Amino acid sequence: MRTAHGSASARKGGIVVKSAGVSWFHPGGFVIDRPTGLADFTFVQWLTPTIVRLGGESRLEAPGGCIFYRPGDEQWYGSDIFTPFGNHWFHFTGNDADAIFTACGIPSNQVLRPPDDSFIEPALRLFLKETMSETTCQDIALSAHAALFLVEFARLLRRAEARSHSARNMELRGKFERFRETLRERCTEAWTINRMASELHLSPSRFSTLYREFFDAKPVDDLIRMRMDLAEYYLRTTIMPVNYVANLCGFTDIYYFSRTFKAKTGKTATAYRAETLA
């Protein structure tokens with residue numbers, strides 16, 4: 001975990017990076033609750049499953065989600081008591097911050113998922129390096145790095161939109177999103193790619209291609225993740241035997257369930273239950 005705070009003497013023009021953190025982790029139950037937000041812009045990327053409150057509604061977001069808060073936006077996010085919380089973040093301000101952010105057209109106060117987020121951590125580490133070095137023209141360099149960060153983020157969002165927002169794809173995406181909710185609700189059933197594709201009247205290959213394009217996941221992998229999420233819930237909240245939980249969640253092979261569960265959580269199902277119920 002690393003953090004840095006910008007110099008108090010930093011110039012107010014351009015963008016001023018006030019502080020940044022890379023790979024911050026907290027124990028389960030950690031929550032950020034800022035009803036009136038901050039005076040600065042805030043960027044956050046979650047590294048763990050995170051509960052986010054937006055518009056008065058709370059929802060669980062998978063790792064990798066990002067959000068920009070404008071000054072004064074309510075900020076509420078964190079983890080349940082069983083799940084550690086981790087994130088990258090930085091705060092920025094400056095006379096030109098609002099104009100640059102607005103010009104980039106990045107949505108605020110909503111969860112964003114750029115198709116390639118590999119630039120985020122290196123960029124924040126660069127902020128840390130600059131804020132800790134106190135070298136010549138540090139404030140100018142930080143302003144330039146922050147502006148480039150916003151430009152790269154905006155460009156990635158635009159590229160994703162260009163791929164997925166044709167009239168046909170918008171119609172298809174709506175159908176796929178509704179199907180995905182059906183799949184989540186009925187994930188314990190015996191689904192195959194052929195059965196999934198038939199629900200949307202598509203060939204299996206076309207269905208698989210579009211599913212990956214829309215959700216950045218293979219259909220079967222997504223189905224297994226849904227089943228695993230359900231299994232974790234039952235293990236946390238019931239005393240049903242592990243093999244019964246596996247069967248209830250759609251796994252007919254207890255050995256496959258055990259291997260998959262350990263690969264996802266790093267623990268056996270029995271150890272996971274013991275920790276969460278302790």
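Helices here are DSSP runs of H or I at least four residues long, numbered from the N terminus. With that in hand, find Asp 216, which sits in the loop between α6 and α7 (219-237). Its backbone has a positive phi of about 55 degrees, even though Asp 216 is not a glycine. Most residues other than glycine have a negative phi. Asp 216 counts as exposed because its relative accessibility is 69%, and the cut-off for that label is over 50%.

Before going further, keep in mind that you're looking at a predicted model. The mean pLDDT of the chain is 90, and 93% of its residues reach 70 or more. Over residues 7-11, though, the pLDDT is below 50, and this stretch has six contacts in the model beyond near neighbours in sequence. Where pLDDT is low, the predicted coordinates shouldn't be read in detail.

Now step back along the chain to the other side of α6. His 201 is found in the loop between α5 (193-199) and α6 (204-215). His 201 also has a positive phi of about 55 degrees without being a glycine. Is His 201 buried or exposed? At 74% relative accessibility, His 201 counts as exposed.

Helix α6 itself has an aromatic pair to look at. Phe 207 and Tyr 211 are four residues apart in α6, so about one helical turn separates them. Both Phe 207 and Tyr 211 are buried.

Helix α3 (residues 138-164) offers another pair, Phe 149 and Phe 153; these are four residues apart, so they too are separated by about one helical turn. Phe 149 is buried, at 3% relative accessibility, and Phe 153 is buried at 0%. Back in α6, the rings of Phe 207 and Tyr 211 are tilted, 5.6 Å centre to centre with 50 degrees between the planes.

Pull back to the whole chain and you'll find 33 aromatic pairs. The Phe 149 and Phe 153 pair is tilted, with 6.3 Å centre to centre and 35 degrees between the planes. Ring pairs also link Phe 149 and Phe 153 into a cluster whose members include Phe 41, Phe 43, Phe 68, Phe 90 and Phe 92.

Some rings have an arginine over the face. Arg 53 lies over Trp 76, at 4.3 Å from the ring centre. Arg 180 does this with Phe 215, at 4.2 Å from the ring centre.

For a loop residue that's tucked away, try Thr 48, between β4 (41-46) and β5 (50-54). Thr 48 counts as buried because its relative accessible area is 11%, and the cut-off is under 20%. What does the side chain of Thr 48 reach at 3.4 Å? That would be the backbone oxygen of Pro 84. Leaving out residues up to four places away in sequence, Thr 48 touches Phe 25, Glu 61, Pro 63, Pro 84, Phe 85 and Gly 86.

Finish at helix α10 (residues 269-277), where Ala 269, Tyr 272, Arg 273 and Thr 276 are buried. These residues sit on the same side of α10 because they cover an arc of only 95 degrees around the axis. The cover over the buried residues of α10 includes α7, α8 (242-248) and α9 (254-265). Turned away from that buried side is the face of α10 carrying the exposed residues Thr 270 and Glu 275.

Note on methods
Residues are numbered from 1 along each chain as its sequence is written. This is a predicted model: local features need pLDDT of at least 70, side-chain atom pairs count only at pLDDT 80 or more; totals for chains, interfaces and linings use all residues. Side-chain values use heavy atoms; hydrogens and water are left out. Helices (H or I, at least four residues) and strands (E, at least two) are DSSP runs, numbered from the N terminus. Buried means under 20% relative accessible area, exposed over 50%, partly exposed in between (1.4 Å probe, protein chains only). A polar contact is a pair of N or O atoms within 3.5 Å; within protein, one must be able to donate a hydrogen and the other to accept it, and residues adjacent in sequence count only if both atoms are side-chain atoms. Contact means heavy atoms within 4.5 Å. pLDDT is the predictor's confidence in each residue, from 0 to 100. Rings of Phe, Tyr and Trp (its six-membered ring) pair if their centres lie within 6.5 Å; planes under 30 degrees apart count as stacked, over 60 as edge-to-face and the rest as tilted. A charge sits over a ring if NZ of Lys or CZ of Arg is within 6 Å of the ring centre and within 35 degrees of the ring normal. The arc is that of the directions from the helix axis to the C-beta atoms.
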